[in-house]
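Here are a few notes to go with the model as you look it over for the first time. Keep the sequence and the 3D view side by side while you read.

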Amino acid sequence: MSTTGATADPLAALGTLPGVAESVESVRKAVDRVYGHRIMRRRSNEITSEAALRAARGSAALSGADWALEEVRRRTDFGTDDEARVMGAALRLTAEAGQLLSIWRQSPLRVLARLHLVAAASDDSRVGRPRQDGEAVDEPLVELPLPDAREVSGRLEGLADLIIAGSSAPALVTAAVVHGELLALRPFTSHNGLVARAAERIVLIGSGLDPKAICPAEVGHAEQGRAEYLAALEGYVSGTPEGMAAWIAHCGRAVEFGVRESTAVCEALQRGAA
């Protein structure tokens with residue numbers, strides 16, 4: 001995303017794209033409905049915990065570890081093979097995201113570095129810093145052209161400046177841009193998808209749209225499928241108004257799918273079945 005131009009608030013400008021206001025309103029109404037569910041008054045902590053587990057499962061599925069939810073509950077060893085390591089990274093990131101909310105608005109690059117450290121769980125010198133020229137990127141899902149290290153650095157700084165400056169843009173728009181920009185850049189040598197979705201989670205929670213973290217967008221991204229996810233991402237990378245609006249709408253649907261998931265959990269708890 002370009003951070004230059006006539007407007008001083010490019011994120012807010014995206015909110016005026018055709019269809020975006022409708023996506024924002026649809027998401028807000030969906031979130032309000034689940035927050036108004038009667039079970040939320042008594043058992044919101046349980047909904048939050050369950051949403052976190054399902055968020056991790058959804059994010060891992062998009063990074064190649066598509067496990068059944070009960071398998072995620074059952075497993076305790078997440079270091080035995082590639083898929084298990086991906087799932088372990090997703091679980092760690094979901095838990096860590098809530099600890100970084102207060103830092104995000106002051107130092108988003110520090111938060112991104114921390115997310116990569118948590119995901120990689122390695123003392124490799126490449127972990128926790130943007131990649132340098134010549135360093136390979138392990139991100140098999142995303143096959144779009146890879147920006148060079150100089151472009152990555154400049155765009156990360158631009159994104160950080162936008163976050164620190166603040167914006168009147170709706171939370172959905174900001175979250176979608178953070179997610180899309182990180183996937184487009186793939187700034188780290190590994191785990192970029194997991195980090196991008198964790199950063200989106202931080203924005204949605206920290207903005208106040210989903211303060212109790214009960215609307216896991218990761219579930220919705222996975223439920224819409226990899227093909228649709230990548231097609232929407234291509235729209236973001238194109239930079240066209242239509243492409244950007246399509247990506248934001250995709251992210252909005254992901255939140256709404258997350259709302260549906262947690263509503264089902266609320267209903268199960270209400271029936272005494274969970």
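**Notes on helix α9 and its surroundings**

1. Let's start with one residue. T174 has a relative accessible area of 12%, so it counts as buried. You'll find T174 in helix α9. Bear in mind throughout that this is a predicted model. Which residues is T174 in contact with, leaving aside neighbours within four places in sequence? They are L11, I163, A169 and V203.

2. Stay in the same helix and look at V178. With neighbours within four places in sequence left aside, V178 is in contact with W104, L159, I163, A199 and V203. I163 and V203 are therefore worth picking out in your viewer, as T174 has them among its contacts and is buried at 12% relative accessible area.

3. V178 also turns up in the bigger picture. How many residues does the largest nonpolar core have? It has 80, and the ones with the most contacts inside it are I47, W104, L112, L115, V178, W247 and V255. Helix α13, residues 241-271, gives this core its largest share, 11 residues.

4. Next, how does α9 sit against α12? Helix α9 covers residues 171-185 and helix α12 covers residues 226-238; their axes come within 10 Å and cross at roughly 90°. That crossing is why α9 is described as roughly perpendicular to α12. On the α9 side, the residues that meet α12 are V177, H179, G180, E181, L183 and A184. On the α12 side they are Y229, L233, Y236 and V237. Sorted by class, this contact has seven nonpolar residues, two polar ones and one charged.

5. Now for helix α8, residues 149-165. Its 17 residues reach 24 Å from the first C-alpha to the last, close to the 24 Å expected at 1.5 Å a residue. Buried residues in α8 are A149, V152, L156, G158, L159, A160, L162 and I163. What do they pack against? The partners are α1 (10-14), α6 (101-104), α7 (108-120) and α9. Two of the buried names, L159 and I163, are ones you've already met as contacts of V178.

6. Step off the end of α8 and you reach G166, which takes a positive phi of about 85°. A bit further on is S168, in the loop between α8 and α9. Is S168 buried or exposed? Its relative accessibility is 61%, so S168 counts as exposed. Even so, S168 touches D9 and A12, not counting residues up to four places away in sequence. Going the other way, S168 and P187 are 19 residues apart in sequence, and their C-alpha atoms are 26 Å apart in space.

7. Two residues other than glycine deserve a look for their backbone. A121 has a positive phi, near 50°, and R186 has one near 45°. Where are they? A121 is in the loop between α7 and α8, while R186 is in the loop between α9 and α10 (192-206). Their surroundings contrast: A121 counts as exposed because its relative accessibility is 56%, whereas R186, at 3%, counts as buried.

8. The loop between α7 and α8 also holds S125. At 60% relative accessibility, S125 counts as exposed; the cut-off for that is over 50%. From S125 to P140 is 15 residues along the chain, and their C-alpha atoms are separated by 21 Å.

9. Last stop, helix α2, residues 20-35, where E25 is found. Why is E25 called partly exposed? Its relative accessible area is 32%, and partly exposed covers the range between under 20% for buried and over 50% for exposed. E25 and R41 are 16 residues apart along the chain, with 24 Å separating their C-alpha atoms.

Note on methods
Residues numbered from 1 in each chain as written. Predicted model: local features only at pLDDT ≥ 70, side-chain atom pairs only at ≥ 80, totals over all residues. Heavy atoms only, no water. Axes fitted to C-alpha atoms, helices over the stretch in contact; angles between N-to-C directions. Helix = DSSP H or I, 4+ residues; strand = E, 2+ residues; numbered from the N terminus. Parallel < 35°, antiparallel > 145°, perpendicular 65-115°, else oblique. Contact = heavy atoms within 4.5 Å. Nonpolar A, V, L, I, M, F, W, Y, C, P; charged D, E, K, R; others polar. Core = buried A, V, L, I, M, F, W, Y, C linked by side-chain atoms within 4.5 Å. Buried < 20%, exposed > 50% of the residue type's maximum accessible area, 1.4 Å probe, protein only. Expected span 1.5 Å × (residues − 1).
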